[in-house]
Amino acid sequence: MNSSLFLATLCLAITVAVGQFDYRLDAEWLQWKTRHRKLYGMDEEGWRRQLWEKNIKMIDQHNQEYGQGKHSFTMAMNSFGDMTPEEFRLMMNGFQSEKHTMEHLYQEHLATNTPSSVDWREKGFVAPVKNQHSCGASWAFSAAGALEGQMLWKTGKLVSLSEQNLIDCSWSQGNEGCTGGLMDNAFQYVKDNGGLDSEEFYPYENRKDFCKYSPKYSAANITGFVDIPRDESSLREAVATVGPVSVGIDTLPETFLFYERAGVRSGASMGT
C-alpha cells in the first residue's frame, strides 16, 4: 500500500470513529476534560469519549427513573466518567475482603436508646474529604477516618491522620500498600507501633514509600478494636453511639461510580 492510500484509509477510519460521537456534547466534553485535567493520546481519546458518553446516558436515564420513584438515589458525572467499572475497581478498591476474619466482635447493648439519626459531621467528628487518587489504599483512608473520630472523643481535638504512614509502614501486619489491605491490620499496626503520625507531618504521596514514622509527630494511638457483626442492628447502634466507624462497601454495581446523594421517596427502597 502506498503512502497516499494508507493516509486515505486512516482518515476514513478516523471519520467513522468520530462519526459515532454526539456532537451536542462537544462543549460538555471539553469542559469535563479541563475540569478533571484529562489528557489522552491520539489512539485513546476516541474510546474514552465513547465511554464517557455511554455513562452520561446511563446517568440521565437513572435520574429520570429516580424522578419516577424507581430509585432511592441520584447520580452525577464525576472524574471517573471515562473509566470502565473494572478499571475503577482495580484503581480504587484495595479492601481485601477475602482475607478478613472477624475475631473480636462488637457487643450490642440492647438496652441502649439508639437515636433515629445522627450526623457526625455536624458534631465535628469528621475531617474534610480526602482523595486517594490512583493508590488502592481505601483501607487506610477508612481506618484513619474512624480513628480521627475516636481521638476527638479522647482529646477534644480533630486531627487529620496520616494514611501514608499506614501505607508505608503496616506491611508486617499484612497490608500491601497501594495494592490492598485491611482496616483491622491498620488498627493492629497503630497498636503495635504505639502511634500514628498526623497528616501534617506525614503527608499523602499517592504511592508506596519507605516507612518514615516518627514518634515526635504521633497524633493517635489505640488500645484495641472490634469488628461489628454483619447485621443492621449492630451497625446502627455502633454508628449512633460510638462515632464514625470504618466500613468496606461493595463497589461492584456500575451505578456506584456516579452515586450523588440519597433521597426518600414513597415506594422506594433504600439499602446500606
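This is a short tour of a predicted model, moving from its core to its disulfides and then to its surface.

Begin by selecting W139, L147, L166, I167, Y189, V190 and L196, the residues with the most contacts inside the largest nonpolar core, which has 25 residues. Now colour helix 5 (138-155), together with helix 6 (163-169) and helix 7 (183-193), since each of these three helices supplies at least two residues of this core. Helix 5 gives the most to the core, with 8 residues. Elsewhere in the model, a second and separate core of 8 residues can be found by selecting F80, M83, F88 and F258, which are among its members.

Return to helix 7 and show the side chains of its buried residues, which are M183, D184, N185, A186, F187, Y189 and V190. The cover over these buried residues includes helix 5, helix 6, strand 2 (196-197) and strand 3 (218-220). If you centre the view on V190, you will find that V190 touches L147, L166, G195, L196, A220, N221 and I222, leaving aside residues up to four places away in sequence. Just after helix 7 comes G194, whose phi is positive, near 80°.

Next, select the cysteines that form the 2 disulfides found in a search of the whole structure. In one of them, C135 and C178 are joined, with their sulfur atoms 2.0 Å apart, and the link is left-handed, with -95° about the S-S bond. C135 lies in the loop between helix 4 and helix 5, while C178 lies in the loop between helix 6 and helix 7, so this pair ties together parts that are 43 residues apart in sequence. C135 is buried, at 1% relative accessibility, whereas C178 is partly exposed, at 22%.

The other disulfide joins C169 and C211, whose sulfur atoms are also 2.0 Å apart, and here the link is right-handed, with 100° about the S-S bond. It connects C169 in helix 6 with C211 in the loop between strand 2 and strand 3, 42 residues apart. C169 is buried, with a relative accessible area of 11%, and C211 is partly exposed, at 42%.

Finally, turn to the surface and select V247, I249 and F256, which form a nonpolar patch with about 260 Å² of accessible area together. F256 sits in the loop between helix 8 (232-241) and strand 4 (259-262), and is partly exposed, with a relative accessible area of 31%. As a last stop, select N113, an exposed residue with a relative accessible area of 73%, and note that the C-alpha atoms of N113 and A240 are separated by 9.7 Å although these residues are 127 residues apart along the chain.

Note on methods:
Residues are numbered from 1 along each chain as its sequence is written. This is a predicted model: local features need pLDDT of at least 70, side-chain atom pairs count only at pLDDT 80 or more; totals for chains, interfaces and linings use all residues. Side-chain values use heavy atoms; hydrogens and water are left out. Patches are made of residues with over 30% relative accessible area and no salt bridge: like charges are joined within 9 Å, nonpolar side chains (Val, Leu, Ile, Met, Phe, Trp, Tyr) within 5 Å. Accessible areas come from the Shrake-Rupley method with a 1.4 Å probe; for residues, only the protein chains shown count as cover. A salt bridge is a side-chain nitrogen of Lys or Arg within 4 Å of a carboxyl oxygen of Asp or Glu. Helices (H or I, at least four residues) and strands (E, at least two) are DSSP runs, numbered from the N terminus. Buried means under 20% relative accessible area, exposed over 50%, partly exposed in between (1.4 Å probe, protein chains only). A nonpolar core is a set of buried Ala, Val, Leu, Ile, Met, Phe, Trp, Tyr and Cys residues joined through side-chain atoms within 4.5 Å. Contact means heavy atoms within 4.5 Å. A disulfide is a pair of cysteine sulfur atoms within 2.5 Å.
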